[in-house]
Amino acid sequence: MAGGWAQGSRRAARLPEGGRLMAPASRLLALWALAAVALPGSGAEGDGGWYAFVRPVILQGLTDNSRFRALCSRDRLLASFGDRVVRLSTANTYSYHKVDLPFQEYVEQLLHPQDPTSLGNDTLYFFGDNNFTEWASLFRHYSPPPFGLLGTAPAYSFGIAGAGSGVPFHWHGPGYSEVIYGRKRWFLYPPEKTPEFHPNKTTLAWLRDTYPALPPSARPLECTIRAGAVLPRPLVACYAQP
């Protein structure tokens, strides 16, 4: 789950017949699309793994999180959790450094648009390291997508960050990202391809300084997801998001 006041803009890839998958009427199609992201294939259109290598798949309308979204407004979060201590991470690839701060202090002093000249280890943002006991009154209202991997249990991360913020390229196992507020721009590479980037420079700096000079063959897959949309992520991928 991903919530926040993050910004971004870029084209969103669409499925052949008009775009994003809707539920519940197309839930079986959505299940196929979720599987197709992780399955290898020849890369040819119509192949079972085509979307894994050509276009990100965006799912929309899977659940109704309107109640959760209302509770995630700035005023309500500050009223409910302003005095709670949250753990912040640095915005570099490895995010080793952690800082504990009252949530209200984070929102009022650090939650601002990303400065592209700031290094990742000088940038703090709230994502992951959630206290699910203290924030249970909020998280119990979240409805996750109705999919999962056999033999696994879900693990959620909740985050709030300013416009243009995000971590440089890094790797993850399977999962999904859902936007509650704002929008989130994604850059994705297949697991066998490692992009050129500095692990201590923000994604916004990479977007400004490196991205414009990339030849087409070196450019990542891209999409932007907005409130209510879900982006399934493949089994292993290198990705970044500002």
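Two residues are in contact here when heavy atoms of theirs lie within 4.5 Å of each other. With that in hand, let us take a friendly walk through this structure, which is a predicted model.

## A residue to start from

Thr123 sits in the loop between helix 5 and strand 4. Leaving out residues up to four places away in sequence, Thr123 touches Ser89, Thr90, Ala91, Gln114, Ser118 and Thr202. A polar atom of the Thr123 side chain lies 3.0 Å from the backbone oxygen of Leu119. Asn92 is 31 residues from Thr123 along the chain, and the C-alpha atoms of the two are separated by 8.1 Å.

Is Thr123 buried or exposed? Buried means under 20% relative accessible area, and Thr123 counts as buried because its relative accessibility is 11%. Two cysteines can be set beside this threonine in a small table.

| Residue | Relative accessibility | Status |
|---|---|---|
| Thr123 | 11% | buried |
| Cys72 | 4% | buried |
| Cys223 | 0% | buried |

On the subject of cysteines, a disulfide is a covalent bond between the sulfur atoms of two cysteines. How many disulfides does the structure hold? The count is zero.

## The chain as a whole

Stepping back, the protein chain has seven helices and eleven strands. Of its 242 residues, 44% are buried. The chain exposes about 12100 Å², and carbon and sulfur atoms supply 55% of that area. Among contacts between residues at least 6 apart in sequence, 79% join residues at least 24 apart.

## Strands side by side

Which strands make up the open sheet of three? Their order is 1-10-7, and the pairing is antiparallel. Strand 1 (59-60) and strand 7 (175-178) stand at the edges with a single partner strand each, so one side of each has no neighbour in the sheet. Strand 1 pairs with strand 10 (residues 229-233) in the antiparallel sense over two bridges. Within that pairing, Gln60 stands opposite Ala229 in strand 10.

Another pair to look for is strand 8 with strand 9 (residues 221-226), which run antiparallel and are joined over six bridges. Here Leu188 stands opposite Leu221 in strand 9. Why is strand 8 (residues 183-189) described as largely enclosed by the rest of the structure? Six of its seven residues are buried, and therefore the rest of the structure largely encloses strand 8.

## The nonpolar cores

Now for the interior. The largest nonpolar core has 24 residues, and those with the most contacts inside it are Phe103, Tyr106, Phe126, Trp135, Leu138 and Phe158. Several elements give two or more residues to this core: helix 3 (66-71), helix 4 (74-81), strand 2 (85-90), helix 5 (103-110), strand 4 (124-127) and helix 6 (136-139). Which element gives the largest share of this core? Helix 5 does, with three residues.

Tyr106 is a good residue to follow in the 3D view. Setting aside neighbours within four places in sequence, Tyr106 is in contact with Leu88, Leu101, Leu111, Leu124, Tyr125, Phe126, Ile160 and Ala161.

A second, separate core has eight residues, including Ile58, Trp186, Ile225 and Ala229. Ala229 may be familiar by now, since this is the residue of strand 10 that stands opposite Gln60.

Note on methods:
Residues are numbered from 1 along each chain as its sequence is written. This is a predicted model: local features need pLDDT of at least 70, side-chain atom pairs count only at pLDDT 80 or more; totals for chains, interfaces and linings use all residues. Side-chain values use heavy atoms; hydrogens and water are left out. Two strands pair if DSSP finds at least two bridges between them. Helices (H or I, at least four residues) and strands (E, at least two) are DSSP runs, numbered from the N terminus. Buried means under 20% relative accessible area, exposed over 50%, partly exposed in between (1.4 Å probe, protein chains only). Accessible areas come from the Shrake-Rupley method with a 1.4 Å probe; for residues, only the protein chains shown count as cover. A nonpolar core is a set of buried Ala, Val, Leu, Ile, Met, Phe, Trp, Tyr and Cys residues joined through side-chain atoms within 4.5 Å. A polar contact is a pair of N or O atoms within 3.5 Å; within protein, one must be able to donate a hydrogen and the other to accept it, and residues adjacent in sequence count only if both atoms are side-chain atoms. A disulfide is a pair of cysteine sulfur atoms within 2.5 Å.
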